[in-house]
Each structure stands twice: as structure tokens, then as C-alpha cells.
Amino acid sequence: MIDRYTLPEMGRVWSDQHKYELWCRVETLVLEAHAAAGRVPADVVEPVRNAPPPTPERVAEIEETTQHDVIAFLTAWADNTEPRSAAAYVHHGMTSSDLLDTALAVQLTDATDVLLDKADRLVAALRDHGLAHRHTIKVGRTHGVHAEPVVWGHRVADLAFAAARSRDRLRRAREAVGVVAISGAVGTYSLIDPAVEVTVAEALHLRAADASTQVVLRDGISEWVSALAVIATVCEAVALEVRHGQRTEVRELSEAFGSGQKGSSAMPHKKNPIRSERIAGLARVVRAAIVPVMEGIPLWHERDISHSSTERVFLPDASITTDYLLDLTAGLVENLVVDADRMRANLESTGGLIYTSAVLLELVESGMGREQSYALVQSAAMRTWQDGTPFRQTLRERAAAEGVALDEAKLDEICRPENYVANLGPLFDRLAALS
């Protein structure tokens, strides 16, 4: 992923230098297990443990000749080992995928831990914002059209719970990718004791694979990428709400606009939802990783490496982008500008049409048939849509024409937006308990 969208902590997880540090760690753990079992000389462990990881530049230089990244790494690391003869026992009984998949498991779990911290921040931001606006009345919209009164905090609560579920889904996916495989060529442990795999897994705080051939089957990694895609898409849902709310005709929400910020090179009046649009665009990048990574599940027999090149691109990019999205979305929510007065004005802009459902039920409860009640209310509403006459007036005139008596005092009571949100207390209790 380009530097523009790479935050430092996640960037380090996927850096080449860190990757080679992990490769050294895995190889050293295997060597220590062999030495403890008496399979290799004990005195080779210390020189290997003390050898500094090779630089990415040196590995790349050797790989130009070997055309094999693991052999290039082992050669470069051996060059750093004193005495170099100790390096002869590195990678003992292993195959390349033992190293690659085990180190990748560490990267994936480390990346997940970074993401989970950011997800906690987003959940908290949405929770607190929703609670702060539990009484902020606005109009609800279905199909983009005014429907019934709601409170802004209700919509935010829905997004907060979605973010929490997405975070928990990722936490479960962490278990799916935290898998160590040290089983040798085609996974039969032919030249390596299965106890080595268990020892390495315990040292890395991961678990040994239930089974592996020469690679760990990619269903777990596919689950992990899918979890990232869901998180990214929930971030987009937050951003889309802001984008709609910031439209000039709506103007209920807006991103924070800093001193010196510019919205357009041509139009000085512009204040655009640039963060929200960036979130929407980058969410597509994360979703795009699902299919290519999932296609790494079916491989030829014990393995091929068609998954390798795909994962080198999509696993870092998906996690780096999701990390950036979580950070950006949390900041968006924490600094979101809410115009409660504009929300109220928009709610009242249709002349009372938002109360048709309550009026319909009132007529039914007064003894009128539902079909007749619906026809009366709809007829009055359509006239309000057409000429802007307030709904209570068109309702009154339509009822008089049909000889229907209206209880005006009762209508005054039910045509209050607060009545529509009076039962949301338990929802906000659940939101307050969200962590």
C-alpha cells in the first residue's frame, strides 16, 4: 500500500525488515527445539541466535541469482553468522512453507491486534456519539424519502453495534489465522519431529495446525480477509451517512473543517465530505481482496504457489487499508458536526406528512375500517405533496367531505415527534453497556 494510507505501526508489521526478523525468530525457535532434543549440536544455537537479520537489500541482491526468496534469506543470514558453519543446521528438516506460513501467522495476528485496538476506538466513538444524541430529533428516511421521526442517536447506535460485531468477528478470525505449520515437505513430518511444531507454536502463542500438507489451507486467511472487508464496509456505512447528511439540501451533518482547509481549487465556498469519500473509496480496495485470496484455497495437490503472489499484495494492503479506515472513521465520528436545528427544520418541512402512520392508526382505533382510513389519509397526504397545504388542513378538509369527525385534541397529541421515539430507552441502555 502507498505511504499515503500507511500508518506507522501497521506499516512496520508488513515491512520487509520485520518479515526477516520474524523469519530469524521462527528458524531460531526450530533450531532450539532440535538442539533440546539432541538432534543438532547444542553449540550452534548461540551463534545463530546472535546473528543479526539480513537486510532486505542483501536478500534482494542474492535473490536476483537464486530466484528463491527463502534460499536468498538463508544465505544472507548465514553470511551474518559467526562461525558461518553454525548456519548449516538452520532450516533443518523444514520446507520453505514451514517458515513462510508460520511467520505469516505471526504477522496476521500482530496486524489483527493493531486493528482490534483501532476497532475498540471506533466502537467507543460511535457509542458515545449515539448517547450524546439520544434526544436529537430528526426525520427518518426510507428510500431517501421522509418517513417518520427518529433520533440521530438511534441511527448511530445501529452503526455502533455493527462496528462491535465486526470487531468481534475479527477477533474470532484471529484464531483462524494464528496457525503454525512446521511439518516438512508435503506435511508428513518425515524429517522433523511433530513435537517441534508444538514447541514453536507455544513459543509464538499460536496453535499448531490441525493438518497441513506443505501449506496451511487458506480457508482461515480467507475468513480473516472477509472480516476485514466487513469492517471496511461498516466504516463506509458511517461515511455514507455523513455524505448524505452534508448535502446542501440536507445540511444536517458535516465533517469538521479546519482553519486553513480548502474545499475546492475553483470554488472557495466549498466544504466537501472528503474524509467520508476517501473512506468509501478505500473500502472498495479491501472488499476487492476477498476473491483473490479465497482463490488460494484450491491448490494443486499438496501445494502450488499460485496463492503466494496474491497474498504478498492483498494481505498487507487489506490490513494496512483497514487500519487507515478505522483510524479515519473514528476521527470522523469524534469530530462530527451535528446541526440539530437543521434536523428539526427538515423534519417539519413536509407540513406534517411524517405523522400519517399515527393518524391512520388513530382512525382505525376510532372505529373506521383500515382500507377507508388508509384511503382518507393518503388522499389528504397526496394533496399536501402536490400543493404544500399543511397535512392537518388537508386531512381536516378530506374528513369533512366524507362526514368523518376528527378528534382534534387527540391529533394534537399524536402529531408530536417525541411520541415516535418514546420506546427507545432500552436500546440506549444496551448502547451504554457496549464496550
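Student: Which residues does Leu 315 touch, not counting residues up to four places away in sequence?

Tutor: In this predicted model, Leu 315 touches Trp 14, Leu 104, Leu 108, Ile 221, Trp 224, Val 225 and Val 293, with residues up to four places away in sequence left out. As a general idea, nonpolar side chains in soluble globular proteins tend to be buried together. Here, Leu 315 belongs to the largest nonpolar core, which has 89 residues.

Student: Which members of that core touch the most other members?

Tutor: They are Trp 14, Leu 126, Trp 224, Leu 315, Val 359 and Leu 395. Helix α9, residues 219-245, supplies the largest share of this core, namely 13 residues. Another core of 38 residues lies apart from it; Val 44, Ala 86, Ala 105 and Val 200 are among its members.

Student: Is Trp 77 buried or exposed?

Tutor: The reading rests on a cut-off: a residue is called buried when its relative accessible area is under 20%. Trp 77 counts as buried because its relative accessibility is 3%. Trp 77 is part of helix α5, which spans residues 69-79.

Student: What does Trp 77 touch, not counting residues up to four places away in sequence?

Tutor: Its contacts beyond that window are Cys 24, Glu 27, Thr 28, Val 48, Ala 51, Pro 52, Pro 53, Pro 54 and Val 90. A separation along the chain may also be set beside a separation in space: Trp 77 and Tyr 20 are 57 residues apart along the chain, and their C-alpha atoms are separated by 9.3 Å.

Student: Why is Lys 19 classed as buried?

Tutor: The class follows from the accessible area and not from the residue type, since buried means under 20% relative accessible area. Lys 19 has a relative accessible area of 16%, so this residue is buried. Lys 19 lies in helix α2, residues 16-36, and touches Gln 107 and Arg 312, again without counting residues up to four places away in sequence.

Student: How many salt bridges does the structure hold?

Tutor: The structure holds 35. The idea is to look for a side-chain nitrogen of Lys or Arg within 4 Å of a carboxyl oxygen of Asp or Glu. One case is Glu 61 with Arg 58, whose closest N and O atoms are 3.2 Å apart. Both residues lie in helix α4 (residues 56-66), three residues apart, about one turn of the helix. Arg 58 is classed as partly exposed, because its relative accessibility is 32%.

Student: Which residue forms a salt bridge with Arg 84?

Tutor: The partner is Asp 79, and the closest N and O atoms of this pair are 2.9 Å apart. Arg 84 is partly exposed at a relative accessible area of 45%, and Asp 79 is likewise partly exposed, at 33%.

Student: Why are Asp 387 and Arg 383 separated by about one helical turn?

Tutor: The two residues are four residues apart in helix α15 (residues 370-387), which means that about one helical turn separates them. They form a salt bridge in which the closest N and O atoms are 3.3 Å apart. Asp 387 is partly exposed, with a relative accessible area of 46%, and Arg 383 is partly exposed at 32%. Elsewhere, salt bridges with shared partners join Arg 344, Glu 348, Glu 413, Arg 416 and Glu 418 into one network.

Student: Where do the domains begin and end in the domain assignment?

Tutor: The domain assignment of the protein places domain 1 at 1-92, domain 2 at 95-345 and domain 3 at 351-420. The contact between domain 2 and domain 3 takes eight residues from domain 2 and seven residues from domain 3. The C-alpha centres of these two domains lie 46 Å apart.

Student: How much area do domain 2 and domain 3 bury between them?

Tutor: They bury about 590 Å², with 67% of it on carbon and sulfur atoms. One salt bridge is found across this interface, and two residue pairs are in polar contact there. On the side of domain 2 that touches domain 3, the elements giving two or more residues are β1 (137-142) and β2 (145-151). The largest share of that side, five residues, comes from β2.

Student: What is the N to O distance in the salt bridge of Glu 418 and Arg 344?

Tutor: The side chains of Glu 418 and Arg 344 meet at 3.3 Å, N to O.

Notes
Residues are numbered from 1 along each chain as its sequence is written. This is a predicted model: local features need pLDDT of at least 70, side-chain atom pairs count only at pLDDT 80 or more; totals for chains, interfaces and linings use all residues. Side-chain values use heavy atoms; hydrogens and water are left out. A nonpolar core is a set of buried Ala, Val, Leu, Ile, Met, Phe, Trp, Tyr and Cys residues joined through side-chain atoms within 4.5 Å. Buried means under 20% relative accessible area, exposed over 50%, partly exposed in between (1.4 Å probe, protein chains only). Contact means heavy atoms within 4.5 Å. Domain bounds come from an automatic or database domain assignment. Buried area is the accessible area (1.4 Å probe) that two parts lose on being put together, summed over both. A polar contact is a pair of N or O atoms within 3.5 Å; within protein, one must be able to donate a hydrogen and the other to accept it, and residues adjacent in sequence count only if both atoms are side-chain atoms.
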